[in-house]
Amino acid sequence: MDLSGATPLLLMAALFCLALYWNGGKRKKGKLPPGPAPLPIFGNLFQLDPREMHRSLEKLSKQYGPVYTIHLGSLPCVVLCGYLAVKEALVDQADDFSDRGDFPVFYRFTQGNGIAFSNGEKWKILRRFALHTLKNFGMGKSSIEARIQEEAQCLVQEFQKTDGAPFNPINLVCRAVSNVICAVVFGNRFDYEDADFLRLLDHFNENFQIMSSFWGELYNIFPHVMDLLPGPHHKIFQNFEKLRHFITERIRLHQKDLDPEAPRDFIDCFLIRMEEEKQDPLSYFNMETLVMTTHNLFFGGTETTSTTLRFSFLILMKYPDVAVRVHQEIDGVIGTNRTPCLADRKSMPYTDAVIYEIQRFISILPMGLPRAVTRDTPFKEFLLPKGTNVIPLLSSVHYDPTQFKDPMSFNPDHFLDEKSTFKNTDAFMPFAPGKRICLGAGLARMEIFLFLTTILQHFSLQPLVAPAEIDLTPQCTGLGNVPRPFQFRVLPR
Ligand code: HEM
């Protein structure tokens, strides 16, 4: 067959598709902030390092200012850098900046269902339902405090079993933290040896790591191309499917013995609402939104908090003087005969400041989750067309020298006044500010305080290397900052 005549036609068709693809990204009217000139198709890829996305974006802001436009492939995104820019958008214009932006690595799995990756009415209704139901099951109340205290004691027992031998805490910490949210969502905690549960948590860790790697970032920029290329990113979707299977199986078990008069947990409440609204074709309560909402709570409630605790252990070993002062405060306020409780927090300003400083310093989700504007939005001297993606660089707020005296150093004084009283600041935003603030922020804060104080009440943490050699730089950074794997010893005090 003679293809010579067809070749130019094919070439023209390919160029036409590329041009469409490219223009699709530029599309809307409006006035976006200036930024580095993008290349067709690649956008600003060559000005970014997908291994350290948030650092590349912070660097570019030195040249283009605190608000600028970057092109991820063909998609323009407005970057907000530093406290003022993030506050002026996410807080002062909270409604305008409250949609979720494109996040292909999650979207392929969630299809915009669930809380974290939906928008509009669906998001509002599912979020309100989740907050209300979680509150009914004890979130923010003493019953969830008791659940965390119990789980913290289980963790102490597991640590005791190590008998002073070195170990990597990742699995034990992940199990303990996950069990708190499992009790609310699934109605039960899992045994630390439960094989299905352990496998699932491995998938969580693996996904958080791959999403935070070069591959995860590249997928977010070029999802269609990456779908065709081999690489570890495919593991993310395999793991998500296993997670879907696990959740679907739990839902099936709940359906078998559901008593509408006595809901036991979040899934029961959702199933009851599904039944109530089954005649309504516009209802947002269906099997898909149940699976994805459960996934949001399960994944969101496990990975970030347990990673924060692992980082906390590393930091306390790197700065033994800080650990000594926390131990002293625990001994003085709580002593050894009772379990730490949330009411202790207000009498422990130093420990409180240490926890805030840890969260600032590690900025566990350095770019938050992408937002988008809900309507054509005037912002500063610009006009962001409805749907424009927005990247709030939370790490840049935490490292903003106008807000923190010495941001590059780990120093609990950032959250203490001259009388050593705890002082908060609006520039503390690990949970992101505004309408989409992390739904589990209250729970996470309780967990970090209770797990950390309970562990430190019982143990001193011993590194296997000199403190100066402890490397706090993340193993990978993207969606999250993931600490390097480490082993330590826990010695009874
Ligand atoms: C240290 C722990 C945690 C940190 C640092 C953290 C941080 C964040 C951040 C930055 C966001 C994005 C907010 C935005 O859109 O700008 C978020 C969203 C979310 N988080 Fe967390 N989170 C933590 C723990 C939790 C826990 C324990 C849960 C579960 C109860 C949870 C559930 C969620 C959900 C469902 C969303 C989506 C909210 C929405 O889109 O409306 N998170 N989190």
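This report walks through a predicted model, from one helix to a sheet, the core and a few single residues.

**Helix 11 and its surroundings**

Let's start with helix 11, which covers residues 233-256. Its 24 residues reach 36 Å from the first C-alpha to the last, close to the 34 Å expected at 1.5 Å a residue. Seven names make up its buried set: H233, I236, N239, L243, I247, R250 and H254. And what do those buried residues pack against? The partners are helix 4 (104-110), helix 8 (195-211), helix 9 (214-221), helix 10 (223-228), helix 12 (266-276) and helix 13 (287-300).

Helix 9 deserves a second look, as F214 sits in it. The C-alpha atoms of F214 and H233 are separated by 9.4 Å, with the two residues 19 apart along the chain. If you set aside neighbours within four places in sequence, F214 is in contact with P50 and R51.

**The sheet**

Next comes an open sheet of 5 strands, in the order 1-2-7-4-3 and with mixed pairing. Why do strand 1 (67-72) and strand 3 (99-100) each have a side without a neighbour in the sheet? They stand at the edges with a single partner strand each, so one side is left free of a neighbour there. As background, strands of a sheet pair through backbone hydrogen bonds, either parallel or antiparallel. Strand 3 runs antiparallel to strand 4 (residues 371-372), and 2 bridges join them. Within that pairing, D99 stands opposite A372 in strand 4.

Helix 3 (residues 83-91) lies across strand 1, strand 2 (75-81) and strand 7 (389-393). Relative to strand 2, helix 3 runs at about 115°.

There's also a record to bring in here. An unreviewed UniProt entry lists residues 6-24 and 65-86 under "transmembrane region". In the model, residues 65-86 are 18% helix and 59% strand, and the end C-alpha atoms of that span lie 13 Å apart.

**The nonpolar core**

How many residues does the largest nonpolar core have? The count is 125, and the members with the most contacts inside it are V79, L80, V185, V390 and F451. Take V185 from that group: not counting residues up to four places away in sequence, V185 touches D265, F266, I267, T294, L297 and F298.

**Three residues outside the buried class**

Here's how C438, L464 and F214 come out on exposure, going by C-beta neighbours.

| Residue | C-beta neighbours within 10 Å | Class |
|---|---|---|
| C438 | 19 neighbours | partly exposed |
| F214 | 18 neighbours | partly exposed |
| L464 | 12 neighbours | exposed |

C438 carries the annotation "binding site" in the unreviewed UniProt entry. You'll find C438 in the loop between helix 17 (394-398) and helix 18 (441-458). Leaving out neighbours within four places in sequence, C438 is in contact with F431 and A432.

L464 is a loop residue too, placed between strand 8 (459-463) and strand 9 (476-477). Which residues does L464 touch, not counting those up to four places away in sequence? They are P166, Q487 and F488. The C-alpha atoms of L464 and R489 are separated by 7.5 Å, although the residues are 25 apart along the chain.

Methods:
Residues numbered from 1 in each chain as written. Predicted model: local features only at pLDDT ≥ 70, side-chain atom pairs only at ≥ 80, totals over all residues. Helix = DSSP H or I, 4+ residues; strand = E, 2+ residues; numbered from the N terminus. Expected span 1.5 Å × (residues − 1). Buried ≥ 20, exposed ≤ 12 C-beta atoms within 10 Å, placed from the backbone. Contact = placed C-beta atoms within 7 Å. UniProt positions renumbered as here; feature names shortened; annotations may be inferred. Pairing = 2+ DSSP bridges. Axes fitted to C-alpha atoms, helices over the stretch in contact; angles between N-to-C directions. Core = buried A, V, L, I, M, F, W, Y, C linked by C-beta atoms within 7 Å.
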